[in-house]
Amino acid sequence: MKLRDMILAAMFAAIVAALGVFPPITLPFTPVPITAQTFGVMLAGAVLGARLGGISLSIFVILVAIGAPILSGGRGGIPTLIGPSGGYILSWPIAALVIGFFVDRFRHKLKLWNMILFNFIGGILIVYLGGISYLAFVSDMSWWVAANSALIYIPGDAVKAVLSGMLALQLHKTAPVAKLYKERQAA
């Protein structure tokens with residue numbers, strides 16, 4: 001892996017950690033808080049592509065596992081990953097990889113609508129599938145009850161998917177990160 005790829009992966013892990021500064025919004029009917037960090041997950045996949053997006057969020061999850069308090073509310077450590085939020089957090093590298101896969105595959109045809117679609121597939125469907133399944137397992141509730149408790153996240157995550165798509169598309173068109181991304185894809 002080239003040094004610039006390592007820097008980009010670390011930078012996006014840091015962006016997701018920085019989004020943890022925003023306090024979590026806790027709700028009385030679900031043990032999983034609403035956070036801003038899924039915006040960073042979507043952005044990492046949409047800007048870095050599959051490989052680096054997945055690596056970036058894997059770095060983030062490893063940091064959480066060793067106890068870095070980089071989740072919203074200053075949470076971190078193995079207990080967080082085996083708790084009710086664990087499935088959501090553990091699905092983040094897969095989500096970034098899936099978003100990045102679609103961005104890589106359609107990099108010459110990127111439009112706002114497909115960037116948003118990619119964010120919905122990876123950043124919402126994949127994250128919810130992992131998070132809801134894990135929550136149902138660790139909380140000893142039915143999958144449908146866990147899924148119903150996740151419905152509250154959809155409006156906020158839809159906004160994140162749109163904003164991430166807009167920002168990523170703009171970065172692909174103008175930013176030095178996009179130039180590095182294109183060079184890496186050509187190599």
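**Contacts, core and surface**

Trainee: What distance lies between the backbone oxygen of Phe22 and a polar atom of the side chain of Ser72?

Mentor: This is a predicted model: local features need pLDDT of at least 70, side-chain atom pairs count only at pLDDT 80 or more, and totals for chains, interfaces and linings use all residues. Residues are numbered from 1 along each chain as its sequence is written, and side-chain values use heavy atoms, leaving out hydrogens and water. A polar contact is a pair of N or O atoms within 3.5 Å; within protein, one must be able to donate a hydrogen and the other to accept it, and residues adjacent in sequence count only if both atoms are side-chain atoms. For Phe22 and Ser72 the distance is 2.7 Å.

Trainee: Does Ser72 count as buried or exposed?

Mentor: Ser72 lies in the loop between α2 and α3 (78–82); helices are DSSP runs (H or I, at least four residues), as strands are (E, at least two), numbered from the N terminus. Buried means under 20% relative accessible area, exposed over 50%, and partly exposed in between (1.4 Å probe, protein chains only). Because its relative accessibility is 0%, Ser72 counts as buried.

Trainee: Which helix gives the most residues to the largest nonpolar core?

Mentor: A nonpolar core is a set of buried Ala, Val, Leu, Ile, Met, Phe, Trp, Tyr and Cys residues joined through side-chain atoms within 4.5 Å. The largest one has 48 residues, of which Leu57, Phe60, Tyr88, Trp92 and Met115 touch the most other members. At least two residues come from each of α1 (3–19), α2 (37–65), α4 (86–105), α5 (112–138), α6 (143–150) and α7. With 13 residues, the top contributor is α2.

Trainee: Which residues does Tyr88 contact, leaving aside neighbours within four places in sequence?

Mentor: Tyr88 is in helix α4 and counts as buried because its relative accessibility is 7%. Contact means heavy atoms within 4.5 Å. On that basis, the partners of Tyr88 are Val32, Val127, Tyr128, Gly131, Ile132, Ala150 and Tyr153.

Trainee: Which helix supplies the largest share of the nonpolar patch?

Mentor: Patches are made of residues with over 30% relative accessible area and no salt bridge (a side-chain nitrogen of Lys or Arg within 4 Å of a carboxyl oxygen of Asp or Glu); like charges are joined within 9 Å, nonpolar side chains (Val, Leu, Ile, Met, Phe, Trp, Tyr) within 5 Å. Here Leu112, Val159, Val162, Leu163 and Met166 together have about 390 Å² of accessible area, by the Shrake-Rupley method with a 1.4 Å probe, where for residues only the protein chains shown count as cover. Four residues of the patch come from helix α7.
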